[in-house]
Amino acid sequence: MVIKVFLASSSGSTAIKKKQQDVLGFLEALKVDYAPLDIACNEDNRMWMRENVPVEKKPTNGIPLPPQIFNEESYCGDYETFFDAKEDNAVYAFLGLPPPPGSKEAKEAYLENGPVENGTIVNGTDDAEDEENLEAEEENIDDDTLKREVPMEECNGDEHTEEVEAEVGGETGEEAAEEKVAEEKEAVEDTEESLENTAPVKEEEAQEEAEDEEAKGEDDQPVSEEEEDE
C-alpha cells in the first residue's frame, strides 16, 4: 500500500506550505513510504483529489485544500485530522497501516483490540486469549472479595436502617417516659412537703384564737356585790 499525499509545490500560502512540510517530515521520521502528488503542476492529480475527497470533508466552497492524504484509493484525511492522530499517538491507524512491532501504538492497539494486520483487527492469538482469561479470572476474584468484605448492614440495606431507627426511637420513648415519671414524683413530694409545713401553722393559729376567746369570756363575767363593797 502506498500513502498518497496531494500537495501544491507552488502554493502562495505560507500556512499551506508549513502544513505540507509537517506531514511529509513526520512520514519520513516514521519511515512510512509515501508518494507526493503535485496538484499545481498536474491537472489530473488536482481533479482526482477533488473528486475523491468525501463531500462532508470538503469546505463550504467545495474545493479541498492541500495537503490531502490517501491510502491508495481510500481517503485518510486532511492536515487537521492528521495532526489530531499524531497528538493521540494513532498515526498508523489514521493511515490504515499496521503499527511496527514494539511501538507504543502497537502495544496500545494490542491491549485494546488484539493483533492488527494491515490496519485491520484480526482474531486474537492464544496469548491474547490467555490474557483475556486471566483478566476474567481477576474480575471474578475481585467480585468474591467484594462479596466477603461487604458489611452485613450494607447487605440489609434499608431494612437495617429502619431497624436502627426503630431501636433509637424506642430508647427515646423510654427515656421520655422515665423523665415524665420522675417529674410527677417530684411534684407529689413538693405537695406533701408544702402540706406538712402548713399544718403546724394552722394549729398554732387555732390555739391562739381559743386563748383569745377564753380571755374575752373572763372579762365579760359580772362583778359580785362583795367585790363591789370591797
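Is Glu72 buried or exposed? With a relative accessible area of 31%, Glu72 is partly exposed, because a residue counts as buried under 20% and as exposed over 50%. The model in which this residue sits is a predicted one. The following paragraphs proceed from the chain as a whole to its sheet, its helices and, finally, the loops to which Glu72 belongs.

The protein chain contains nine helices and six strands. Of its 230 residues, 20% are buried. The accessible surface of the chain amounts to about 17,400 Å², and carbon and sulfur atoms contribute 47% of that area. Among contacts with a separation of 6 or more, 50% are made by residues 24 or more positions apart.

Four strands are assembled into an open sheet, whose order is E2-E1-E3-E4 and whose pairing is mixed. Strand E2 (34-38) and strand E4 (74-78) are the edge strands, each of them pairing on one side only. From one strand to the next, the twist averages 25 degrees. In general terms, the strands of a sheet pair through backbone hydrogen bonds, and the pairing is either parallel or antiparallel.

Strand E3 (residues 68-71) merits attention in this sheet. Strand E1 (residues 3-7) runs antiparallel to E3, and four bridges join the two. Within this pairing, Phe6 has Gln68 as its bridge partner in E3, and Ile3 stands opposite Asn71. E3 is also joined to E4 by four bridges, again in an antiparallel arrangement; here Phe70 has Tyr75 of E4 as its bridge partner. The side chains of E3 may be described in two sets: Gln68 and Phe70 point one way from the strand, while Ile69 and Asn71 point the other way, and all are buried.

Helices accompany the sheet. Helix H2 (residues 43-52) lies across E1, E2, E3 and E4, and its direction makes an angle of about 80 degrees with E3. Helix H3 (residues 79-87) lies across E3 and E4, running at about 85 degrees to E4.

H3 also packs against another helix. Two packed helices are described by the angle between their axes and the distance between the axes. For helix H1 (residues 14-29) and H3, the angle is about 40 degrees and the axes are 11 Å apart. H1 is therefore oblique to H3. The crossing of H1 past H3 is left-handed. On the H1 side, the contact is made by Lys19, Asp22, Val23, Phe26 and Leu27, and on the H3 side by Tyr79, Glu80, Phe82 and Lys86.

The loops hold several backbone features. Most residues other than glycine have a negative phi, and most peptide bonds are trans. The peptide bond from Pro66 to Pro67, however, is cis, with omega near 0 degrees. Pro67 is located in the loop between H2 and E3.

Glu72, the residue of the opening question, lies in the loop between E3 and E4. These two strands form a hairpin with two residues between them. Although Glu72 is a residue other than glycine, its phi is positive, near 55 degrees. Asn89 likewise is not a glycine and has a positive phi, of about 60 degrees. Asn89 is found in the loop between H3 and helix H4 (91-95). With a relative accessible area of 30%, Asn89 is partly exposed.

Note on methods:
Residues numbered from 1 in each chain as written. Predicted model: local features only at pLDDT ≥ 70, side-chain atom pairs only at ≥ 80, totals over all residues. Heavy atoms only, no water. Pairing = 2+ DSSP bridges. Axes fitted to C-alpha atoms, helices over the stretch in contact; angles between N-to-C directions. Contact = heavy atoms within 4.5 Å. Buried < 20%, exposed > 50% of the residue type's maximum accessible area, 1.4 Å probe, protein only. Areas by Shrake-Rupley, 256 points an atom, 1.4 Å probe, with all protein chains shown as cover. Parallel < 35°, antiparallel > 145°, perpendicular 65-115°, else oblique. Left-handed = near helix turned anticlockwise from the far one by under 90°.
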